[in-house]
Structure formats: C-alpha cells, structure tokens
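Good morning. I will walk through one protein chain, going from the overall picture to single residues. Please have the structure open while I talk.

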Amino acid sequence: QLWIQSTGHFFIISSFFSALFVLISSILYFKSPEDSRTSWERWIKGGFYFHVVSILGVIGLILWMMSDLRYEYHYVWEHVSDDLPMKYILSAFWEGQEGSFLLWMFWNLVLGFFLIRRKDPFVISNLGVLFGVQLVLVSMILGVYFGETRIGSNPFLLLRQTMDIPIFKNADYVSLIKGNGMNPLLQNYWMLIHPPTLFLGFASVVIPVCYGISGFLLGKYEEWLKPALPWSLLSASILGLGILMGGAWAYEALSFGGYWAWDPV
C-alpha cells in the first residue's frame, strides 16, 4: 500500500505551500492598489480552502491506515494494535506528536472559518498571521531533508524506513509484525475528550495574537481590542475547562490522586 505514503506526503507538501501562498498573498494584498485587492482576496480565500482540503486529506489518510491496521507504517505500528478497541482509534491518532500537531492545525482551520466570515478591516491581516503560524506547524510534519538536516517528522514513514532489523529481509514481513498499541492508562474516554479540548484552547489563543499584530501593522492601535477580547475570554474558558477535565481524569484513571490538584503539570 505504498500509494498511501506518496499521497499522504503530497498532501503534506501541498498544505505547506498553500499556507505559504496565503501568507505571501496577504502581504501582497496590502502592497497592491485598492482596485486590485478584490482579486487578491479571492486568491487568498482559494488558498485557504485548498489548504483545508490538504490538511483534511492528511488526517483522513492517517485515520484510515490506523483503522485498517497498516503496520507497515511506523505511526500505525507505534500507536495501534489488534486488540485496541475501534473507539480509541481517534485517541491513538493524537497520542503521537505528529497527530497532536495535526489536531492543532485542524482547530486553526476551524477558527480560520470564523475569521474569514467576519466583516472587519482585520480579516486579511488576521489570515496572514494565522497562516504564518500554520506554516510553522505544517513544517513539523514535513519530513524533508536539507543535507543532513531533517525538517519535521513525516507520519507516513514506513516501518522499514525507521529501523534496520533482519525481519525486513523477509518479503512478507508485514504479516509477522504486530502493533505496540496504546498505553493502557490512556485507553479511557477522557483521552477522547481532554486533548481536543486543550488543543482547541491552545489554538484559540492565536486569534487575539492575530488581532494584536494586525492592529500594530495597520496602525489601528485601539480598534483591535474590542474584537480580540471575546476571543481571549473564550481561550481562558476552554483552557480552564481542559484543566478541570485533566483533574477529573487524574483522579479517575491516572492514579495521580491529590498530588495533581495542588501541583498541576
């Protein structure tokens, strides 16, 4: 099933360059004459939607190969096993670092939909800042080499590309390997709820930052405050809720007990 690797890496590369495209286009938007800005706005929105398709393509492929137990892929082998209940496939997806970054990117795109629909003077500059952040996040899963330097960790690497052991000399090695599976402590319904809530909180913090940077760049030193404050309250509320969830999870499943309550991680 090597097509998964090539298709997945294509989606990653296209998501990187589409994020770069939106960032550069938003800069050129403000440098262009007033009468040409409408066309730039269409290009920016087109780049946004292309990026959405690319990120969803990456996420969809990883979830499919995890649910189909494709152990020839390192990410699947590391986080899934034959006895892992199907309801924990999502948990296994964001158990790994690459899945966590993708969850963060997903929430950024959801927030981007709210930004792109607003009718205020900060829309394009906000998208530029958001996609600057998105560009950094996508680089974390690029998995490309410049000389000896690797940028990002590609979640579509084959197991035989990450380790050199004798079993790979067997042409039918896939039938001989089993997945590691999830840590038993993480096989809990809180693992389905707690990480997405926290990552939504992390992601939402970028919106006040977008407004702050936009206000500085556009010379609107006070106007940005009013639209940014509700987002700040939302971020604090979601992160606070995430901490409460983490406390409940710690008492119920992780055996941290009262220690967690007075010294949170």
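**Salt bridges, helix packing and a few single residues**

Let me start with one pair of side chains. Asp68 forms a salt bridge with Arg70, and their closest N and O atoms are 2.9 Å apart. Keep in mind that this is a predicted model. As for the surroundings, Asp68 has a relative accessible area of 34%, so it is partly exposed.

Why would two such side chains pair up at all? Side chains of opposite charge can pair when their charged atoms come close.

How many salt bridges are there? The count comes to four. I will describe two others.

One of them joins Asp82 and Lys178, with 3.4 Å between the closest N and O atoms. Asp82 sits in the loop between α3, residues 74-79, and α4, residues 89-95, while Lys178 sits in the loop between β2, residues 149-151, and α7, residues 189-204, so this pair ties together parts that are 96 residues apart in sequence. Is each partner buried or exposed? Asp82 has a relative accessibility of 48%, so it counts as partly exposed. Lys178 is at 54%, and therefore counts as exposed, the cut-off being over 50%.

The other one is between Asp120 and Arg118, where the closest N and O atoms are 3.0 Å apart. Here Asp120 counts as buried, because its relative accessibility is 18% and the limit for buried is under 20%. Arg118 is partly exposed, with a relative accessible area of 35%.

Now the chain as a whole. It has 10 helices and two strands. Reading from the N terminus, the order is α-α-α-α-α-α-β-β-α-α-α-α. In other words, six helices come before the strands and four after them. The C-alpha trace spans about 65 × 50 × 30 Å along its principal axes. The chain has 265 residues, of which 48% count as buried. Taking the contacts in the chain with a separation of 6 or more, 72% are between residues 24 or more positions apart.

Next, how the helices pack. I have two pairs to show, and α6 takes part in both.

The first pair is α2 with α6. Their axes are 12 Å apart and the packing angle is about 30 degrees. That makes α2 roughly parallel to α6, because angles under 35 degrees count that way. The crossing of α2 past α6 is left-handed. Which residues make the contact? On the α2 side they are Glu41, Ile44, Phe48, His51 and Ile55, and on the α6 side Ile124, Leu127, Phe131, Gln134 and Val138. Sorted by class, the contact of α2 with α6 has seven nonpolar residues, two polar and one charged.

The second pair is α6, residues 123-139, with α8, residues 206-218. Their axes come within 8 Å and cross at roughly 125 degrees. The two helices are therefore oblique to each other. This crossing, of α6 and α8, is right-handed. From α6, the residues involved are Ser125, Asn126, Val129, Leu130 and Val133, and they meet Val206, Cys210, Tyr211, Ile213, Ser214 and Leu218 of α8. By class, that contact has eight nonpolar and three polar residues, and no charged ones.

Finally, three single residues.

Leu69 is in the loop between α2, residues 37-67, and α3. What is the sign of phi at Leu69? Phi is positive there, about 55 degrees, although Leu69 is not a glycine. For background, most residues other than glycine have a negative phi. Leu69 has a relative accessible area of 30%, so it is partly exposed.

Ser25 lies in helix α1, residues 2-31. Ser25 is at 2% relative accessibility and therefore counts as buried. Leaving out residues up to four places away in sequence, Ser25 touches Trp40 and Ile44. You have met Ile44 before, in the contact between α2 and α6.

The last one is Asn170, in the loop between β2 and α7. Lys178, from the salt bridge with Asp82, is in that loop too. Asn170 counts as partly exposed, because its relative accessibility is 35%. How far is Asn170 from His9? In sequence they are 161 residues apart, and in space 26 Å, C-alpha to C-alpha.

That is the end of my part. Thank you.

How values were computed
Residues numbered from 1 in each chain as written. Predicted model: local features only at pLDDT ≥ 70, side-chain atom pairs only at ≥ 80, totals over all residues. Heavy atoms only, no water. Axes fitted to C-alpha atoms, helices over the stretch in contact; angles between N-to-C directions. Parallel < 35°, antiparallel > 145°, perpendicular 65-115°, else oblique. Left-handed = near helix turned anticlockwise from the far one by under 90°. Contact = heavy atoms within 4.5 Å. Nonpolar A, V, L, I, M, F, W, Y, C, P; charged D, E, K, R; others polar. Salt bridge = Lys/Arg side-chain N within 4 Å of Asp/Glu carboxyl O. Buried < 20%, exposed > 50% of the residue type's maximum accessible area, 1.4 Å probe, protein only.
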